[in-house]
Amino acid sequence: MRLIKTNEKNTVLRQLTTAEAESVRRYCGAGMKAEEKDAQVVAGILAEMHNGKEPRYWLECDCLDGDPSGPRPRMTARIYGDGPRHFVRIVGRDKHSCVLKAFRTDPSEDEDDAHAEPGKHRPLRPIRNSLDYLDKAHEAGGKRPSGQAGSGSGTSRRRRLPKLGRILYTLLEQAGFSTVSTNDLDAGKKSVSPWVRLKRFAVEEEVTEALTLGNMMTTEAWIKPGDFMAQVDKLQWPKGKKRMGYLLFVADGVSASAATKFTKVGPAVVSPASEIRIGGRDQNFANPPYWVLAVMDRDDSGIARVREAFAQHAFKMLEPVPLDSSYERHTLTSLLKVMEWVKKRGVTVTLKKPLFDSEVTLADGTTAHCRADFELEVPAPPGSMAAPGRLLIETMGADLQEYLEQKVATHSIMRRRGRIIEHVVRHDGEQADRDDRLRKRVFAALLELAGVPRQEQAGADDSEISKSEI
Ligand SMILES: [Zn+2]
C-alpha cells in the first residue's frame with residue numbers, strides 16, 4: 001500500500017510498511033480482529049492523508065497490482081463534523097482482492113454480533129470509570145454522529161450499543177430505575193419524582209474530586225444550551241477532557257430529529273445537531289414515553305448546542321423503568337400486578353430489568369453472556385445460606401422469526417441463572433388469556449422460591465388471583 005498525492009500525477013509520497021498495511025487491513029477489513037495498536041497506526045496514516053481541511057494523499061491498495069485490467073483500489077480520508085478522521089472508499093476504485101473487499105470504517109462498526117454463537121458475543125458492560133462520561137478533548141463524541149444505534153427497519157440483528165447508550169444505561173441502572181422492589185409498590189417511592197431521584201444520584205456521583213455528575217447534568221429539557229454551557233464553563237474541568245454536559249429526561253415524544261417534553265408553559269423541544277439514535281427493539285419512536293440522554297457542548301466556533309442524543313423506551317412517565325420494546329411494557333404491567341399479590345403474602349421480590357449482560361458458566365466450564373428481559377429475585381428464607389431464588393421472564397413479541405429463534409437459542413444459557421417463563425405478546429384475541437396464565441405461573445413460581453408451602457399456596461392462590469382481578 002502507498003500514499004499518493006491527490007493531484008493528476010499521483011506522485012507516490014511513500015510506501016506503507018508491511019506492519020502499517022497489516023494494521024489498515026485488520027482495522028478496516030469487516031470481520032477482522034483488530035489489535036490494540038491498529039487504531040493508533042491508522043490514526044497516524046490518516047493524519048498524513050488529511051491536513052484537517054482537505055485530503056492531500058490517497059491510500060492506494062496494492063492487492064490488484066498484478067491485474068492490469070482494472071483501476072487500483074483507493075481510499076481517501078474524511079472528517080465529518082467534529083468526528084475523527086476516517087477512511088472512505090473512492091467510488092469506482094473500491095474493488096479489492098484483499099480483506100478490504102469487505103470494508104468497515106472502524107472495528108466498532110462490527111457491532112453486529114449476529115454471527116457469534118449464542119452467548120459468545122462481546123458482553124455489554126456498564127461504564128466503570130466515571131471519568132469516561134467525558135469525551136477526550138480531541139474526539140468530541142460519537143464516531144458516526146448520524147449513525148443508527150439499532151438499525152432502522154426493525155431488523156433483528158444484535159448490534160452493539162453506542163457509547164452514549166452505554167452511558168444512559170449506566171446512569172439509569174445506578175440511579176435505580178431498572179429495579180423495582182415489592183417495598184417500592186406503595187406510595188412511598190412513587191412520591192419521589194424521577195427527577196428528584198436523578199438529582200440525588202447525580203450529586204453523589206463523583207467524576208473528579210472537584211466535579212460531580214450533578215454539576216454537569218440537568219433534567220430540564222427547556223434549558224438553553226448557552227445558559228447550560230455558561231455554567232459548565234465555570235467548573236473546574238479535568239485536563240484532556242472536553243467541556244460538555246448531559247441533559248437527561250423522560251420525553252413525551254421523540255422523532256429522529258427532536259425530543260419533546262410537555263411543560264405547563266408549552267412544549268420544550270430538544271433538537272440535536274445529529275439524528276437521535278434509539279436503543280432496544282423499539283426503533284420507530286412510536287411508543288412514548290422515552291428516556292432521552294443528550295450531550296451539550298460547544299461546536300468548533302464555540303457556539304453552545306445539543307450535539308447528539310440517545311433515546312430508550314420507558315415504562316411510564318412517572319415510573320420510567322427503561323425497556324426495550326412496547327411488548328416488554330405489556331409484560332411488565334402483568335409482573336407488577338403479581339408483585340402486588342405476593343407482597344400481600346408477605347413475600348419480598350425484586351424485579352430487575354437487566355441493562356447489561358450477565359456472565360454464566362456453562363456445563364463445559366466455559367463462560368457465556370446473556371441478558372433476560374426481566375429477572376425476579378426472591379431472597380433465600382431467613383437463616384438459609386442459599387443464594388436468592390431467581391426467575392427469568394422473556395417477552396416473545398411479534399418480532400421477526402429470526403429474532404425469536406435467536407432468543408430461544410440463548411435460553412439454554414439463561415437457564416444457568418434461573419428458570420425461564422416465556423410470555424408471548426401478540427395483542428390478538430388470546431392475549432388476555434396469555435397474560436392471565438403468565439400472572440398465575442409467575443405467582444406460583446415466586447411463592448415456591450420463597451418457600452411458601454404448596455398446599456397453603458394452592459387454595460389462597462386462586463382466591464387471591466380472582467379477587468385481585470375483579
Ligand atoms: Zn486491497
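**Exercise 1. A strand pair and its sheet**

In which sense do strand 21 (residues 389–396) and strand 22 pair, and over how many bridges? Then place the pair in its sheet and find the helices that pack there.

*Solution.* The model is predicted, and the steps below read it as such. Step one is the pair itself: strand 21 and strand 22 run in the parallel sense, with 6 bridges between them. A single position illustrates this pairing, since Leu391 has Arg419 of strand 22 as its bridge partner.

Step two is the sheet, which is open, has 5 strands in the order 6-17-20-21-22 and shows mixed pairing. Because strand 6 (179–181) and strand 22 (419–424) each have a single partner strand, they stand at the edges, and one side of each is left without a neighbour in the sheet. From one strand to the next, the twist averages 20°.

Step three brings in the helices. Helix 8 (residues 401–414) packs on the sheet, where it touches strand 21 and strand 22, and its direction makes about 175° with that of strand 21. Helix 9 (residues 431–449) lies across strand 20 (374–378), strand 21 and strand 22, and runs at about 165° to strand 22.

**Exercise 2. Two residues of this region**

Is Leu335 buried or exposed, and which residues does Leu335 touch, leaving aside those up to four places away in sequence? Treat Arg416 in the same way, asking where Arg416 lies.

*Solution.* Begin with location: Leu335 has its place in helix 7 (residues 326–344). Next comes the count of neighbours, where the cut-off for a buried residue is 20 or more other C-beta atoms within 10 Å; Leu335 has 24 C-beta neighbours inside 10 Å and therefore counts as buried. Beyond four places in sequence, Leu335 touches Leu351, Phe374, Ile393 and Val442. Of these, Leu351 is 16 residues from Leu335 in sequence, with 8.4 Å between their C-alpha atoms.

Arg416 lies in the loop between helix 8 and strand 22. With 16 other C-beta atoms within 10 Å, Arg416 is partly exposed. Once residues up to four places away in sequence are set aside, Arg416 touches Val360, Thr361 and Leu362. Along the chain Leu362 is 54 residues from Arg416, yet their C-alpha atoms are separated by 7.2 Å.

**Exercise 3. A second sheet and a hairpin**

What is the strand order of the open sheet that contains strand 9 and strand 14, and how many residues join strand 12 to strand 13 in their hairpin?

*Solution.* The order is 9-10-15-16-14, an open sheet of 5 strands with mixed pairing. Its edge strands are strand 9 (217–218) and strand 14 (277–278), each of which pairs on one side only. Within the sheet, strand 10 (residues 245–251) and strand 15 run antiparallel and are joined by 7 bridges, with Phe249 standing opposite Val292 in strand 15. Helix 6 (residues 225–233) packs on this sheet, touching strand 9, strand 10, strand 15 and strand 16 (304–313), and its direction makes about 100° with that of strand 16.

The hairpin passes from strand 12 to strand 13 through 2 residues. Strand 12 (residues 259–263) and strand 13 (residues 266–270) run antiparallel and are joined by 5 bridges, and Lys261 stands opposite Ala268 in strand 13.

**Exercise 4. The nonpolar cores**

Which residues have the most contacts inside the largest nonpolar core, and why does this core lie between domain 2 and domain 3?

*Solution.* The largest nonpolar core has 75 residues, and those with the most contacts inside it are Val292, Leu293, Ala294, Ala309, Ala311 and Leu446. Strand 15 (residues 290–298) gives the most to this core, contributing 7 residues. The core lies between domain 2 (132–313) and domain 3 (326–469) because both of them give residues to it. As a worked example, Ala309 touches Ala259, Val270, Pro272, Ile276, Val292, Leu293 and Ala294, again not counting residues up to four places away in sequence. A second, separate core has 18 residues, including Met1, Cys28, Val41 and Phe87.

**Exercise 5. Confidence in the model**

Over which residues is the pLDDT below 50 with 43 contacts beyond near neighbours in sequence?

*Solution.* Start from the average: the protein has a mean pLDDT of 85, and 87% of the residues score at least 70. The stretch asked for is residues 141–157, where the pLDDT is below 50 although the model shows 43 contacts beyond near neighbours in sequence. Residues 466–470 also have a pLDDT below 50, with 1 such contact in the model. Where pLDDT is low, the predicted coordinates should not be read in detail.

Methods
Residues are numbered from 1 along each chain as its sequence is written. This is a predicted model: local features need pLDDT of at least 70, side-chain atom pairs count only at pLDDT 80 or more; totals for chains, interfaces and linings use all residues. Two strands pair if DSSP finds at least two bridges between them. Helices (H or I, at least four residues) and strands (E, at least two) are DSSP runs, numbered from the N terminus. Axes are lines fitted to C-alpha atoms, for helices over the stretch in contact, and angles run from 0 to 180 degrees between N-to-C directions. Two residues are in contact if their C-beta atoms, placed from the backbone, lie within 7 Å. A nonpolar core is a set of buried Ala, Val, Leu, Ile, Met, Phe, Trp, Tyr and Cys residues joined through C-beta atoms within 7 Å. A residue is buried if 20 or more other C-beta atoms lie within 10 Å of its own, exposed if 12 or fewer, and partly exposed in between; C-beta atoms are placed from the backbone. Domain bounds come from an automatic or database domain assignment. pLDDT is the predictor's confidence in each residue, from 0 to 100.
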